[in-house]
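Morning, everyone. Please bring up the model on your screens, and I will walk you through the fold, the core and the pocket.

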Amino acid sequence: MGYKFDEHGFMVIPDPREAKQKREIEQSIDGKIVVVRHAFCPDGHDVMSESVNFNGHDGIHLKIRRPDGDEGDMILSPIFRDQTIVYMGTKPAAGEKLDVFCPICGVKLPILSQCENCDGGEIRVLSLSKEFDIANGIAFCDMVGCPSSYILDSDELIEQAYLEDVL
């Protein structure tokens, strides 16, 4: 077998960490992957972005503001249980609480509840439909480093253990 090269002549070397992470995600929910295809802000803007790719899926692009006022972007993995986040323009530290906004219109994402898994974080929500519906969406903690993320269905938090039973 020969080496593979990209269109610029650079050798393509697979990152073994990505393959391992993908296998872990696939195995953790019986070989099924739950992927967010569209996520909408309260004003109906789809925040999915091709700028960062997670195992072939578009990322969830959001604007952030750190406590010191520094602003940037974060791209969340759309794969449920994948805690990968790419930061651009700023690098928040673990334990920082972020303000989170739509990258298109700048509206602040609504708070669903206080986070039960960290001290001081709040669960922010995006809708899965253009007509913003807080009861059907995805939710994540705004505290850097907190692993809390959820899928919402009819206003019920579907946590990881419950999702395993459903799938």
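I will start with the overall layout, then take the strands, the core and the pocket in turn.

This is a predicted model, so please keep that in mind throughout. The protein chain has 167 residues, and 39% of them count as buried. Its secondary structure comes to two helices and ten strands. Now read the order from the N terminus. An α element opens, a run of β elements follows, and an α element closes. What about contact range? Take contacts between residues at least 6 apart in sequence: 47% of those join residues at least 24 apart.

Next, the strands. Which strand does E1 pair with? E1, residues 48-54, pairs with E2 in the antiparallel sense, over four bridges. Two of the matches are easy to find on screen. Met48 has Ile60 in E2 as its bridge partner. Ser49 has Gly59 in E2.

E1 and E2 form a hairpin with two residues between them. Look at the turn. Asn55 sits in the loop between these two strands. Phi of Asn55 is near 50°, a positive value in a residue other than glycine. For background, most residues other than glycine have a negative phi. Is Asn55 buried or exposed? Asn55 is partly exposed, because its relative accessible area is 26%, and the partly exposed band starts at 20%.

Stay on E2 and move to its next partner. How many bridges join E2 to E3? Six, and the two strands run antiparallel. Ile60 stands opposite Leu76 in E3. This pair is a hairpin as well, with five residues between the strands. Gly69 in that hairpin takes a positive phi near 95°.

E2 also pairs with E5, residues 99-101. That pairing is antiparallel over three bridges. Ile64 stands opposite Val100 in E5.

One residue in E3 deserves a stop. Ile75 lies in that strand. It counts as buried because its relative accessible area is 0%, and the cut-off for buried is under 20%. What does Ile75 touch, leaving out residues up to four places away in sequence? Its contacts include Ser51, Val52 and Phe54, then Gly59, Ile60 and His61, and also Thr84, Ile85, Val86 and Met88. Ile75 and Ser51 are 24 residues apart along the chain, and their C-alpha atoms are separated by 8.7 Å.

On to the core. The largest nonpolar core has 19 residues. The ones with the most contacts inside it are Ile60, Leu62, Met74, Leu126 and Phe140. Which elements give two or more residues to this core? Strand E2 (57-65), strand E3 (71-76) and strand E8 (137-141). E2 gives the largest share, three residues.

There is a second, separate core of six residues. Among them are Cys115, Ile123, Ala139 and Cys141.

Phe140 is a good one to click on. Again leave out residues up to four places away in sequence. Phe140 then touches Leu62, Met74 and Leu76. It also touches Val100, Leu109 and Glu122. The list goes on with Ile123, Arg124 and Leu126, and ends with Ser148 and Ser149.

Last topic, the pocket. About 400 Å³ of space lies in the largest pocket. Its lining has 30 residues. Which of them lie nearest its centre? Leu76, Gln83, Phe140, Ser148 and Ser149. So some names come back here, and that is worth a look on screen: Phe140 is a residue with many listed core contacts, and Leu76 stands opposite Ile60 in the E2 and E3 pairing.

Which elements give two or more residues to the lining? E3, E4 (85-88), E8 and E9 (149-153). E8 gives the largest share, four residues. By character, the lining divides into 21 nonpolar, six polar and three charged residues.

Finish on Gln83. Its place is in the loop between E3 and E4. Gln83 counts as partly exposed because its relative accessibility is 38%, between the 20% and 50% cut-offs. Gln83 and Ser149 are 66 residues apart in sequence. In space they are 8.5 Å apart, C-alpha to C-alpha.

That is the tour. Over to you for questions.

Key. Residues are numbered from 1 along each chain as its sequence is written. This is a predicted model: local features need pLDDT of at least 70, side-chain atom pairs count only at pLDDT 80 or more; totals for chains, interfaces and linings use all residues. Side-chain values use heavy atoms; hydrogens and water are left out. A nonpolar core is a set of buried Ala, Val, Leu, Ile, Met, Phe, Trp, Tyr and Cys residues joined through side-chain atoms within 4.5 Å. Buried means under 20% relative accessible area, exposed over 50%, partly exposed in between (1.4 Å probe, protein chains only). Contact means heavy atoms within 4.5 Å. On a 1 Å grid over the protein atoms alone, a cavity is a set of points where a 1.4 Å probe fits but cannot get out, and a pocket is an open set with protein on both sides within 12 Å along at least five of seven lines; lining residues have an atom within 4 Å of a point. Grid points are joined across faces, edges and corners, and a volume is the space filled by probe spheres set on the points. Ala, Val, Leu, Ile, Met, Phe, Trp, Tyr, Cys and Pro count as nonpolar, Asp, Glu, Lys and Arg as charged, and the others, Gly among them, as polar. Two strands pair if DSSP finds at least two bridges between them.
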